[in-house]
Amino acid sequence: MAHVEEVARSQSDRGELVLRRLDDGSLELRANGVFVMDTVETTTERELATRALALHGNAASVLIGGLGLGFTLAATLADPRVAEVNVVEIEPALVGWLRDGTVPHGRALLADPRVTVSVADVARALAEAPPSAYDLVLLDVDNGPGYLVHDANADLYRAPALEEARRATRPGGMVVVWSAAESPELEETMAGVFGRWRTDAVSYDVDLQGRAETYWLYVGHVAGV
């Protein structure tokens, strides 16, 4: 029988967050008992950043909505063109676990001088951001509109929040939303916000320990000057 060690636990208004260590030494994050991510298969989180940065071509300032276990941030920092990253994470415990080394690779990531971490709701952070603050906005706060861990996150996939994301993005920049499944409804919403010819749905395949999965990036391009 596999041994699972509880490393850390936190309770907030959104429920319970648990970090566990498995037999192989890997870490697993669960929210309200639901698997969120682990340190074994990190392709999904990394690909969000690398694919978005490749599509943009010249992103110096990046906002990441959702810290997770830090792999999207790590992939973003690996791009030498990136000069500053603002990470917005609603769970203070998760930020603390990376900052204090409970998640071992987290301390170095958050110590990078290019990184600023804000403990906040990303929808509110975008609404309060100055216009044209970022070249690239990456949103990965849940599993997409069809597989929500927290029902309150549904608003982030709707037009008002996406319009705030567009407003906070510079002309020529992009807003990229990650989804665990194809979502024609999200694509249609983004087409209404960014324009049909400025919206792309990009799929990519991932091998999750022998199980084939297809994930999606919904890309909104902000009109240039």
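Of the 225 residues in this chain, 47% count as buried. Keep in mind, everyone, that we are looking at a predicted model. As for the outside, the chain exposes about 10600 Å², and carbon and sulfur atoms supply 49% of that.

Let's stay with the overall picture for a moment. The C-alpha trace spans about 55 × 35 × 35 Å along its principal axes. How does the radius of gyration of the chain sit with that of a compact globule? For 225 residues, such a globule would be near 17 Å, and the chain has 17 Å, so the two agree. Contacts tell us something too: among those with a separation of 6 or more, 61% are between residues 24 or more positions apart. In terms of secondary structure, the chain holds seven helices and 11 strands.

Now, please find the start of the chain with me. Strand β1, residues 5–12, runs antiparallel to strand β2, residues 15–21, and seven bridges join them. The two form a hairpin with two residues between them. If you want one pair to look for, take Gln11, whose bridge partner in β2 is Glu16.

Carry on along the chain and β2 pairs again, with strand β3, residues 27–31. This pairing is antiparallel as well, with five bridges. Here Leu17 has Ala31 in β3 as its bridge partner. The hairpin of β2 and β3 has five residues between the strands, and Gly25 takes a positive phi near 90° there.

While we are in that loop between β2 and β3, have a look at Asp23. Is Asp23 buried or exposed? Exposed counts as over 50% relative accessible area, and Asp23 is at 52%, so it counts as exposed. Its C-alpha atom is separated by 13 Å from that of Val7, 16 residues apart along the chain.

Let's finish on the inside. In soluble globular proteins, nonpolar side chains tend to be buried together. In our model, the largest nonpolar core has 42 residues, and the members touching the most others are Leu73, Trp97, Leu136, Leu138 and Val176. Helix α3, residues 92–99, gives this core its largest share, five residues. There is also a second, separate core of 24 residues, including Leu162, Ala168, Val175 and Tyr218.

One last stop, back at Trp97. Leaving aside residues up to four places away in sequence, which residues does Trp97 touch? They are Ala8, Arg9, Ser10, Leu17, Leu19, Leu29, Thr102 and Val103. You have already met Leu17, as the bridge partner of Ala31. Thanks for listening!

Conventions. Residues numbered from 1 in each chain as written. Predicted model: local features only at pLDDT ≥ 70, side-chain atom pairs only at ≥ 80, totals over all residues. Heavy atoms only, no water. Pairing = 2+ DSSP bridges. Helix = DSSP H or I, 4+ residues; strand = E, 2+ residues; numbered from the N terminus. Core = buried A, V, L, I, M, F, W, Y, C linked by side-chain atoms within 4.5 Å. Buried < 20%, exposed > 50% of the residue type's maximum accessible area, 1.4 Å probe, protein only. Contact = heavy atoms within 4.5 Å. Rg over C-alpha atoms; globule rule 2.2 N^0.38 Å. Areas by Shrake-Rupley, 256 points an atom, 1.4 Å probe, with all protein chains shown as cover.
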